[in-house]
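Please look over the following structure with the eye of someone planning to reason from its side chains. The questions after it take up charged pairs, cysteines, nonpolar groupings and one loop.

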Amino acid sequence: MLGLSRWTEKGGSYRTVQRFFYTVIPWAQVFWAFFREHVFDEQDTYLLAGDESVVTKAGKYTHGLDYFFSSLQQKAVRGLSFFTLSLISTKQRRSYPVCVEQIIRTAEEKATRKAKKQAKKKADRGVPKRKPGRPKGSRNKNKAEVRLNPELLRIQKMLQGFLNTIQGTIRLTYLVLDGHFGNYPAFHMVRQCQLHLISKLRYDAALRFPYAGTAPKRGPTPRLGEPVDVRKIPKQYLKETRVEDGFETRTYQMQLLHKDFPDPLNVVILLRTNLKTQAWANVILFSSDLALSYDKLMDYYSLRFQIEFNFRDAKQFWGLEDFMNITPTAVTNAANLALFMVDVSQVLICQYQPSDPDFSVLDLKAYYRGYRYVMETIQMLPQKPEDNLVSQLFYKLTALGCIHSVKEPVSSG
């Protein structure tokens, strides 16, 4: 807050910035108003993506402080976690955060996590598991009836709130989530919001072809057919084969079944083989939209990674990793402000990139820092210099800290 106050102009004292951080702000409406005014293009197609970002904290009193799994460190770390919804432009191939919410674990979530830890400790100590096979007296369950866990309920509430905010201005069809949500409860949650899910399954997911045999004389017709072997998929499902740098990538698309999903899935399997060593690996993407083509499914899922760039910029340039606020309102404002500045910076960068494609956030910050230096210097002069000299001053000083400087002088107006 002190750093912000040093760069404000008249009326922007430290107390003013402090009051701002302790004011309740309707950030969802702020994000949407900015996106609709400066980004929205009626000719563009937008995807909705969601992901979680973890911020490490060393204090003891910050609101929501807990242990969260950090994908960067590959372990649980003490800090804060924020779930973000983002609109991704398929034309610009950029992600714009539109909704941010801090993750506060409920007592139920903490109890479930503790039970899992205890079960894992028992397994590590060699405690015998229950007998194999189906327990006596158990009954079939209706898989279409799903009880959403607190995490999915929280995300569903965010989704419904955002969809109510935009009020049909954008026609959204797909929600793109990472492999953590490659399960039926998440599938069910997204479908309840009238969206289609695009996500990833485990590489060894137990997929099966639909049953294609004859109907049995007695009993119901089986639903599940032969299991899918990614190394022996029939050629009729092959969509594309590419060979690059000694690797062959085969792309298959088909409608498959999974024992945990009552509905068929639109599945795309990518099988990558090292032609020299014959080592191979596979990726399984899926969607609830059975009509989505394989190339769009792959492209849409790859665009999900744009939200990771938002988190990187928010932490590196806009203070998401550095804020020291501890109260609920101040923490909410700090996180939302950092991700809101990601949107603002991207809109400003787009103005410079047509002439300089390499123009970055570092260049943008250096440019505006130099702009402030020039304005302060001119105000100290007894007489305002000529416009041509002012233009040259702007050009020289704003380019000092830039990696890729603005190529043309900027007018003082």
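Q: In this predicted model, is aspartate 313 buried or exposed?
A: In the predicted model, the side chain of aspartate 313 meets that of arginine 312 in a salt bridge, with 3.1 Å from N to O. Arginine 312 has a relative accessibility of 44% and so counts as partly exposed. Aspartate 313 has a relative accessible area of 9%, and because the cut-off for burial is under 20%, aspartate 313 is buried.

Q: Which residue forms a salt bridge with arginine 202?
A: Arginine 202 is exposed, having a relative accessible area of 57%. The residue with which arginine 202 pairs is partly exposed at 39%, and the closest N and O atoms of the two are 2.9 Å apart. That residue is aspartate 204.

Q: How many residues apart are arginine 304 and aspartate 51, the pair that links distant parts of the chain?
A: The side chains of arginine 304 and aspartate 51 meet in a salt bridge of 3.2 Å, N to O, and arginine 304 is buried at 9% relative accessibility, as is aspartate 51 at 6%. Arginine 304 lies in the loop between helix H7 (294–303) and helix H8 (306–316), whereas aspartate 51 belongs to strand S1 (residues 46–56). Along the chain, the two are separated by 253 residues.

Q: Which residue is linked with Asp51 and Arg304 in a network of salt bridges?
A: The structure holds 11 salt bridges, and the one between arginine 304 and aspartate 51 is among them. Asp51 and Arg304 also belong to a network of salt bridges, in which they are linked with Glu308.

Q: Why is cysteine 193 in no disulfide with cysteine 99?
A: A search of the whole structure finds zero disulfides, and cysteine 99 accordingly takes part in none. Both cysteines count as buried, cysteine 99 at 13% relative accessibility and cysteine 193 at 7%. A disulfide needs sulfur atoms within 2.5 Å, and the closest cysteine sulfur to that of cysteine 193, in cysteine 99, is too far for a bond because the distance is 12 Å.

Q: Which helix gives the most residues to the largest nonpolar core?
A: In soluble globular proteins, nonpolar side chains tend to be buried together. The largest nonpolar core here has 86 residues, and those with the most contacts inside it include Leu48, Phe82 and Ile269. With 12 residues, the helix that gives the most to this core is H9 (residues 328–352).

Q: How many residues are in the other core, the one with Ile88 and Tyr174?
A: Another core lies apart from the core of 86 residues. Among its members are Ile88, Tyr174, Ile198 and Leu303, and its size is 16 residues.

Q: What accessible area do the residues of the nonpolar surface patch have together?
A: The patch is formed by Trp7, Tyr373, Leu389, Leu393, Leu397 and Leu400, and helix H11 (residues 387–399) gives the most to it, with three residues. Leucine 397 is placed in helix H11 and is partly exposed, with a relative accessible area of 30%. Together, the six named residues have an accessible area of about 590 Å².

Q: What distance separates the C-alpha atoms of glycine 182 and lysine 200?
A: Glycine 182 sits in the loop between strand S5 (174–176) and helix H6 (184–192). Leaving aside neighbours within four places in sequence, glycine 182 is in contact with residues including Ser199, Lys200 and Phe286. Although glycine 182 and lysine 200 are 18 residues apart along the chain, their C-alpha atoms are separated by 5.4 Å.

Key:
Residues numbered from 1 in each chain as written. Predicted model: local features only at pLDDT ≥ 70, side-chain atom pairs only at ≥ 80, totals over all residues. Heavy atoms only, no water. Buried < 20%, exposed > 50% of the residue type's maximum accessible area, 1.4 Å probe, protein only. Core = buried A, V, L, I, M, F, W, Y, C linked by side-chain atoms within 4.5 Å. Helix = DSSP H or I, 4+ residues; strand = E, 2+ residues; numbered from the N terminus. Patch = residues over 30% accessible without salt bridge, like charges linked within 9 Å, V, L, I, M, F, W, Y side chains within 5 Å. Areas by Shrake-Rupley, 256 points an atom, 1.4 Å probe, with all protein chains shown as cover. Salt bridge = Lys/Arg side-chain N within 4 Å of Asp/Glu carboxyl O. Contact = heavy atoms within 4.5 Å.
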